[in-house]
Structure formats: structure tokens, C-alpha cells
Amino acid sequence: MDEKFHLKWEKSNQAMKEAGTWKTLRYLEGPMDSRSPMEGSGEVVVLSSNNYLGLSNHPDVVAASHAGLDRYGAGTASVRFICGSFGIHRELEEELARMNRTEAALSYVSCWTANTGAIPLLADKGDVIVSDELNHASIIDGIRMSKAARKIYKHSDMADLEAKLKEAREIQAADGSILLITDGVFSMEGDLAPLPDIVALARKYKAAVMVDDSHAAGVVGANGRGTPEHFGLEGEIDVMSGTLGKALGGAAGGYIASSRGVVDALTQASRPQIFSNALPASVAAGALEALRLLRTDLSLLTRLRENTTYLREGLKALGFRPLEGESAIIPIIVGATSFAIDMSARLLARGVFVTGFGFPVVPEGTARIRVQASAALSREDMDRALEAFGDVGRELGIL
Ligand SMILES: Cc1ncc(COP(=O)(O)O)c(C=O)c1O
């Protein structure tokens, strides 16, 4: 054992603890739901998960996952092209293509893997990536792995985007292309990317558009088909990516949905596709059921919208000033990371599980409590949570 090596990490951990920025893992003893049993805290109201439609413990999704497990066993024990493709993968991908209004789709074990697997292939040497500064970390890492040049524009700033697209045109190779990447819903702000303007600029500067709709799929749009549906741009986005680990079942998994040409190219050469195992069949089966539920029953989406409004208005009535937005994410900026972590601990002591986010997830000084609505929440759950928010806000002197 190299003691010096391990000591270095212990010291770094200790420094985080002293700064009040240490993140404590909370262990649930039962399923993710509107109320979940938490080790050491008893039953807590969950306002912190991405379980937007309440499907992570939905009986049909759980039953479908069981059926997938029974039919296909524990996993593929292989990558897709060797012998790791089950029929359920194709069914899931057809349903994902249908939801995204694209020719084809390809599943990955997570959206992290989808973004980091697809971006380096879709934008290579001679190409230019143009990316929003607040894009998700998986997009940032995908860009880091790419050999393309990169231009980062200020968050949803269309004048800056245009300037960066002009620069991109100047440096792209003669046969190079421009890939403009944005989150559909920004996970820490809860705001929607201005897709109509983005698409118009992309057309003007001949760029392809990639949208990561992880927080929008199953949440945004009249039928939950995400930001393209919301803005009337279905079929107009070159590449969609998203997760199955949030509204769409909540287990795990991600996807790229695009033209047949792009999906075939990723199947052939995207590194996670050819060097890593496929999505477990039980997870694929659960996600497929979640997608079918979304397509056939809009009541969960309606409930999610009602609950989002109830929580947002309730927080405002208490005196909080959450960031405005049309998604199910309701962030309350509190300043210092340690303050956000302390506030979250106080809420937990009152039976409400809501995480405080600070540096490095968000810039220093903009730490926040991120409230997330779910269709699973009852009025009673939300009232209990709002009461706790009022108590803690007064206790900390911010109300
Ligand atoms: C915008 C965005 N993209 C990608 C991911 C990663 O998704 P997954 O958990 O499937 O890797 C997330 C999750 O936080 C996200 O918010």
C-alpha cells in the first residue's frame, strides 16, 4: 500500500468536511416514491428525485421489469454486436424513436454513456462543437473526448451563440461540420433552451443541432415528448439524447434518437456500444413500459403539472423566490454551498428530503436547494413539505 497516496485523499476529504461541503449519502430502505423510508430518518417526503411521473415504483413498470428479468435473465454478458442484443432492446429503441419522432434510436446504459459515446464520434477533427456553458457534465466530458474544435456560448444567449457560430464557420475544415449542443431543460436552473431561436441560427450557419432532453422527456410538451414537442419542432432536431433514469421509469439507461444513418454509425463505432455491455433486459423492459404508459395515459403528466404549480406557488407564498421556469425543477438560490447543505439537513430533520447543490455542481456563490415535483406526490405530502420549508426558512433567517 502506498500510504502517502491514500493520505492525500483523506486530507482532501477532511478539508471538504471542515468547509461544510461534504455530501452525505442517504440510504433508502425501500423504493423511490413520494414518501420513502430512509435509514436513520424514517419515512421522508421526497422532493429530490427525478421520478417526475412517479413511475419508479409504478406497479406496471415494476411488473414489466420482473417479466424482463424472468424472460431474459440477469443480463447480456456481452456487448451488443457480439451477442448482447435482446429483442427487448429493439422494442425499446422503436418506442424511443416513436417518442422522439426520429427514424431510429439506440439505447445506452445511461445518458452519460450516450453523450460521452456519441459526441466524440459525431464531431471529430475538422468539425466544431458549439455548446451552451451550462450544458450537463456528460456533454462537457463528451466534448473533452472529441477531437473537434469547441466554442462555448453564454447560457441561452442568442447573440453570443450567433457570434460563436460565425467563429465556428471560419475554423471548420472544408469538409467539416458544426454540431450545436444544448440541454433541453437545464438541470440546475430548470429553464428551457430557446429551441426555436437555436434552430433558426443553426439553419443560418448550417449547423446540426443536438438536444439532451433528459429532464424534459416525459415532462415537457403536451404529450411529454420533450422540448421539441413543446416548441413545435418535432422531427427538426438532428440528434436527441436523453435518459431513462428520470421520468421514463427511473431505473437507468439512456438513448440517442436520430436519423437511421447516425444511429447505424453509432451502432458500428460508438465506443460504449462496441466495448461495453448492453442495457440489462429488466431495465429495458421497465423503461419500455414507462414509455407505453406515457403514450397511452396523460393523467400522470397532468398530475405532475398540477403538483409543480402547487409547490412553486406554495414556496412563493411562504416568501421564497424560486427561479422561474416551465419544467418540474424549482431551484431556490441560497448562496454558499455550506448554507445549502445545512438547509437540506434541517429539512431532512423535519422529514423532507431535498438536496442542496453547491460547488462544483453549480458556480460558487450560487448554491441552491433544488425542489423537484413528482406526479406521485399527494397534497398532504406537499403541505407537509411546505410547512417544513416555512419553519426552516424562518429558522435560518431567509424568510
Ligand atoms: C441533462 C442531463 N444529461 C445527462 C444526464 C445523465 O443521465 P444518466 O443518469 O442517464 O447518466 C443527466 C442526469 O443528471 C442530465 O441531467
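These are some informal notes on the model above, which is a predicted one.

1. **The main core.** Start with the nonpolar packing. The largest nonpolar core holds 88 residues, and L47, V371 and F389 are the ones with the most contacts inside it. Helix α12, residues 281–296, supplies the largest share of this core, at 10 residues. There is also another core, set apart from that one, with 19 residues, among them I129, I181, V239 and L266.

2. **F389 and its surroundings.** If you want one residue to centre the viewer on, try F389. Setting aside neighbours within four places in sequence, F389 is in contact with L47, L315, L318, F320, I332, M343, L347, V352, V354, I369, V371 and L399. Two names on that list, L47 and V371, also appear with F389 among the residues with the most contacts inside the core. I369 and V371 are both contacts of F389, and both point one way from strand β13, which is the next stop.

3. **The three-stranded sheet.** Strands β10, β13 and β12 form an open sheet in that order, with antiparallel pairing. The edge strands, β10 and β12, each pair on one side only. β10 covers residues 329–335 and pairs with β13 over six bridges. If you want to check the register, I329 has Q372 of β13 as its bridge partner, while G335 has A367. On the other side, β12 is made of residues 356–357 and pairs with β13 over two bridges. Here F357 is matched with R368 of β13.

4. **How enclosed is β13?** Six of the six residues of β13 (residues 367–372) are buried, so the strand is largely enclosed by the rest of the structure. Which residues point which way from β13? A367, I369 and V371 go one way, and R368, R370 and Q372 go the other. All of them are buried, and that includes R368 and R370. I'd look at both of those arginines in the viewer.

5. **A cis peptide bond.** The bond from F359 to P360 is cis, with omega near 5°. P360 belongs to the loop between β12 and β13, and those are two strands that pair in the antiparallel sense. As background, most peptide bonds are trans.

6. **Helix α5.** This helix runs over residues 111–122, and its 12 residues reach 16 Å from first C-alpha to last, close to the 16 Å expected at 1.5 Å a residue. Nine of those 12 residues are buried, so α5 is largely enclosed by the rest of the structure. The buried ones are C111, T113, A114, N115, T116, G117, A118, I119 and P120. At the start of the helix, a side-chain oxygen of S110 comes to within 3.3 Å of the backbone nitrogen of W112.

7. **The ligand site.** How many residues surround the ligand? There are 13, and the closest are C111, D212, H215, T243 and K246. C111 is also one of the buried residues of α5, so to speak a shared landmark for points 6 and 7. For polar distances, an oxygen atom of the ligand is 2.6 Å from an N or O atom in the side chain of T243. An oxygen atom of the ligand is also 2.8 Å from an N or O atom in the K246 side chain. For S214, a ligand nitrogen atom is 3.3 Å from an N or O atom of the side chain.

8. **Two positive phi values.** Most residues other than glycine have a negative phi. A77 has a positive phi, near 50°, and is found in the loop between α2 (59–72) and α3 (80–83). Is A77 buried or exposed? With 71% relative accessibility, A77 counts as exposed. S156 also has a positive phi, about 50°, and sits in the loop between β5 (149–153) and α7 (158–171). S156 is partly exposed, with a relative accessible area of 22%, the buried cut-off being under 20%.

9. **D297, just after α12.** D297 lies in the loop between α12 and α13 (299–318), and at 32% relative accessibility it counts as partly exposed. The side chain of D297 makes a polar contact of 2.7 Å with the side chain of S299. Along the chain, D297 and N223 are 74 residues apart, while their C-alpha atoms are separated by 9.3 Å.

Key:
Residues numbered from 1 in each chain as written. Predicted model: local features only at pLDDT ≥ 70, side-chain atom pairs only at ≥ 80, totals over all residues. Heavy atoms only, no water. Core = buried A, V, L, I, M, F, W, Y, C linked by side-chain atoms within 4.5 Å. Buried < 20%, exposed > 50% of the residue type's maximum accessible area, 1.4 Å probe, protein only. Helix = DSSP H or I, 4+ residues; strand = E, 2+ residues; numbered from the N terminus. Contact = heavy atoms within 4.5 Å. Expected span 1.5 Å × (residues − 1). Polar contact = N/O pair within 3.5 Å; in protein donor to acceptor, adjacent residues only side chain to side chain. Pairing = 2+ DSSP bridges. Near = heavy atom within 4 Å.
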